[in-house]
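Colleague: I have a structure open and would like to go through it with you. Could you begin wherever you think best?

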Amino acid sequence: MGNKGIVTHQLTCSQLHKRAERIAQLLLSHATPHGLNSLSTGDHVALLFPPSVDLTAAFYGCLYAGCVPIPIRPPHVKSLQATLPTVRMVVEVSKVAAVLSCGSIIKLLRSKEALSVMQSTSNPAWPPLLDIEDSPKKKVPINYRPPTPEMLSYIDFSITTAGTLAGVKMSHYSSSQLCRSMKLQCELYPSRSVALCLDPYSGLGLALWCLSSIYSGHQSILILPL
């Protein structure tokens, strides 16, 4: 939901499922110059999106493909000097195999302004940048299921009050238990609608934005934090 209470995007569970499948096919059909698939089960994928339904779709697209999503707050066009180094640090620390984003952010990452900021780093090159709107090169079957609940589901990065970067590895089991706890404590029944106005990049904000409504069956109304 955008300014003045106007609904800008909406997705049913079926539409979210279909979009996540297409994103998974995009990830699995991404190829290296040598013609080999560059993404496989367990690869880390950075998600650079503004707060939106695209972030949720990309999150599940990674899970469908067997990849590990890592949501990261995208750099701000008016403060690249301050925000881009943090993005780069998370990308390097998490050793991502690709960055999944939208066209406007990919254009920003490739801009001269961004390149000038990146010149001070040891490796200014980005991993492969994949546009969520690109069509998959080929249709591949989507049938990944985590073999055990202890498999890594996603990585939750945040900046501590001391200004240091902290990452928490969330398994499929811990993710479902977190959702179960929120459902019981907050009484998140399918008949309820939950309005969310928070940053969706870490902690409970990420869990509520991407996971809770799917687990509990309630409708989420996503309001831009700005």
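Modeller: Let us begin with Ser-174, which is found in helix H6, residues 172-186. Please keep in mind that this is a predicted model.

Colleague: Is Ser-174 buried, exposed or partly exposed?

Modeller: Ser-174 counts as partly exposed, because its relative accessibility is 25% and that class lies between under 20% for buried and over 50% for exposed.

Colleague: How far is the C-alpha atom of Ser-174 from that of Pro-149?

Modeller: The two C-alpha atoms are separated by 8.3 Å, although the residues are 25 places apart along the chain.

Colleague: What about the loop between H6 and strand E7? Which phi value does Glu-187 have there?

Modeller: Glu-187 lies in that loop, and strand E7 covers residues 193-196. Its phi is near 55°, a positive value in a residue other than glycine. At 37% relative accessibility, Glu-187 counts as partly exposed.

Colleague: Let us change topic to helix H3. What span should H3 have, and what span does the model give?

Modeller: Helix H3 has 15 residues, 80-94, so at 1.5 Å a residue it should span 21 Å. Its end C-alpha atoms are 21 Å apart, in agreement with that expectation.

Colleague: Which residues of H3 are buried?

Modeller: The buried residues of H3 are Leu-80, Leu-84, Val-87, Arg-88, Val-90, Val-91 and Ser-94. Viewed down the helix axis, they fall within an arc of 160°, so they line one face of H3. On the other side of the helix, Gln-81 and Ala-82 are exposed.

Colleague: What does the buried part of H3 pack against?

Modeller: Its buried residues pack against four strands and two helices. The strands are E1 (44-48), E2 (68-72), E5 (152-159) and E6 (165-171), and the helices are H4 (103-109) and H5 (112-118).

Colleague: Could we look at single residues? Which residues are in contact with Val-87, leaving aside its neighbours within four places in sequence?

Modeller: Val-87, which lies in H3, is in contact with Leu-48, Ile-72, Arg-73, Pro-74, Pro-75 and Trp-126. The C-alpha atoms of Val-87 and Pro-74 are separated by 6.9 Å, with their positions 13 residues apart in the numbering. Val-87 counts as buried because its relative accessible area is 1%, and buried means under 20%.

Colleague: And Ser-94: which residues does it touch, not counting those up to four places away in sequence?

Modeller: Ser-94 also belongs to helix H3, and it touches His-44, Ile-70 and Phe-157. Its relative accessibility is 4%, so Ser-94 counts as buried.

Colleague: What follows H3?

Modeller: H3 is followed by Lys-95, in the loop between H3 and strand E3 (98-101). Lys-95 has a positive phi of about 55° although it is not a glycine. Lys-95 is exposed, with a relative accessible area of 69%.

Colleague: Now helix H2, please. How many of its 13 residues are buried?

Modeller: In H2, 12 of the 13 residues are buried, so this helix is largely enclosed by the rest of the structure. Among them are Val-53, Asp-54, Phe-59, Tyr-60 and Ala-65. The expected span of H2 is 18 Å, and its end C-alpha atoms are 18 Å apart, which agrees. Just after H2, Gly-66 takes a positive phi of about 80°.

Colleague: Pockets next. What volume does the largest pocket have, and how many residues line it?

Modeller: The largest pocket has a volume of about 680 Å³. It is lined by 25 residues, and Gln-10, Leu-11, Val-53, Ser-220 and Leu-222 lie nearest its centre. Helix H1 (13-29), helix H2 (53-65), helix H7 (203-216) and strand E8 (219-222) each give two or more residues to the lining. E8 gives the most, with four residues. By class, the lining has 12 nonpolar, 13 polar and no charged residues.

Colleague: And the second largest pocket: which residues are closest to its centre?

Modeller: Pro-50, Pro-51, Pro-74, His-76 and Leu-226 are the closest to its centre, out of 17 lining residues. The volume of the second largest pocket is about 490 Å³. H4 gives the most to its lining, with three residues. That lining divides into 12 nonpolar, three polar and two charged residues.

Definitions and conventions
Residues numbered from 1 in each chain as written. Predicted model: local features only at pLDDT ≥ 70, side-chain atom pairs only at ≥ 80, totals over all residues. Heavy atoms only, no water. Expected span 1.5 Å × (residues − 1). Buried < 20%, exposed > 50% of the residue type's maximum accessible area, 1.4 Å probe, protein only. Arc of directions from axis to C-beta. Contact = heavy atoms within 4.5 Å. 1 Å grid on protein atoms, 1.4 Å probe; cavity = no way out; pocket = protein on both sides within 12 Å on 5 of 7 lines; lining within 4 Å. Points joined across faces, edges and corners; volume = space filled by probe spheres on them. Nonpolar A, V, L, I, M, F, W, Y, C, P; charged D, E, K, R; others polar.
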